[in-house]
Amino acid sequence: MSPNSPTPGSVRSAAVLNEQIRALWIRAGGSLSAQERAEYELLVVEWAAAVRDEIVEAA
């Protein structure tokens, strides 16, 4: 198994995560609460990992 293999639980694509990030901002009306900010940060970290995985797969 490659060290760059996705870990269990990180099976969502960058596109799906991007949509979830956009939906969060829309629901929040452009101003995130502390809880929404924590959710946003987790989504962004997962999105960045998904982007890296997609780039590695393309190479």
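Q: If buried means under 20% relative accessible area, exposed means over 50%, and partly exposed covers what lies in between, to which of these classes does Glu39 belong?
A: The model discussed here is predicted, and the class follows from the computed accessibility of the residue. For Glu39 the relative accessibility is 36%, which is neither under 20% nor over 50%. Glu39 therefore counts as partly exposed.

Q: Which residue forms a salt bridge with Glu39, and which helix holds that residue?
A: In the pair that includes Glu39, the closest N and O atoms are 3.8 Å apart. Glu39 itself lies in helix H2, and the pair ties together parts that are 12 residues apart in sequence, because the other residue is in a different helix. That other residue counts as exposed, at 57% relative accessibility. The residue is Arg27, and it lies in helix H1.

Q: How many helices and how many strands does the protein chain have?
A: Helix H1 covers 14-28 and helix H2 covers 34-58, with a loop between them that holds Leu32. No strand is present beside these elements, and the count for the protein chain is 2 helices and 0 strands.

Q: What distance separates the end C-alpha atoms of H2, given the span expected for its 25 residues?
A: At 1.5 Å a residue, the 25 residues of H2 should span 36 Å. The distance between the end C-alpha atoms agrees with this expectation, so the value is 36 Å.

Q: Against which element do the buried residues of H1 pack?
A: The buried residues of H1 are Ala14, Leu17, Ile21, Leu24 and Ala28. They cover an arc of only 80° around the axis, which puts them on the same side of H1. The face turned away from this buried side carries the exposed residues Ala15, Glu19, Ile26 and Arg27. What the buried residues of H1 pack against is H2.

Q: Which element is included in what covers the buried residues of H2?
A: The buried residues of H2 are Leu43, Glu46, Ala50 and Asp53. Two of these, Leu43 and Glu46, are among the residues in contact with Leu17, and Leu17 is one of the buried residues of H1. What covers the buried residues of H2 includes H1.

Q: Which helix gives the most residues to the largest nonpolar core, and how many does it give?
A: The largest nonpolar core has 8 residues in all, namely Ala14, Leu17, Ile21, Leu24, Ala28, Leu32, Leu43 and Ala50. H1 and H2 each supply at least two residues of this core. The helix that gives the most is H1, with 5 residues.

Q: Is Leu32, in the loop between the helices, buried or exposed?
A: Leu32 lies in the loop between helix H1 and helix H2. Leaving aside its neighbours within four places in sequence, Leu32 is in contact with Leu24, Trp25, Arg37 and Tyr40. Its relative accessibility is 17%, and since the cut-off is under 20%, Leu32 counts as buried.

Q: Which residue forms a salt bridge with Glu46?
A: Glu46 is buried, with a relative accessible area of 17%. Its salt-bridge partner is partly exposed, with a relative accessible area of 31%. In this pair the closest N and O atoms are 2.5 Å apart, and the partner of Glu46 is Arg12. The pair links distant parts of the chain, 34 residues apart, with Glu46 in helix H2 and, in the segment before H1, Arg12.

Q: By about how much of the helix are Arg37 and Glu41 separated in H2?
A: Arg37 forms a salt bridge with Glu41, the closest N and O atoms being 3.5 Å apart. Arg37 is partly exposed, with a relative accessible area of 40%, and Glu41 also counts as partly exposed, at 43% relative accessibility. Because they are 4 residues apart in helix H2, Arg37 and Glu41 are separated by about one helical turn.

Q: What percentage of the 59 residues in the protein chain is buried?
A: The protein chain exposes about 4,400 Å², of which carbon and sulfur atoms supply 60%. Among the 59 residues, the buried ones make up 17%.

Terms used: Residues are numbered from 1 along each chain as its sequence is written. This is a predicted model: local features need pLDDT of at least 70, side-chain atom pairs count only at pLDDT 80 or more; totals for chains, interfaces and linings use all residues. Side-chain values use heavy atoms; hydrogens and water are left out. Buried means under 20% relative accessible area, exposed over 50%, partly exposed in between (1.4 Å probe, protein chains only). Contact means heavy atoms within 4.5 Å. Accessible areas come from the Shrake-Rupley method with a 1.4 Å probe; for residues, only the protein chains shown count as cover. The arc is that of the directions from the helix axis to the C-beta atoms. The expected span of a helix is 1.5 Å times one less than its number of residues. A salt bridge is a side-chain nitrogen of Lys or Arg within 4 Å of a carboxyl oxygen of Asp or Glu. A nonpolar core is a set of buried Ala, Val, Leu, Ile, Met, Phe, Trp, Tyr and Cys residues joined through side-chain atoms within 4.5 Å.
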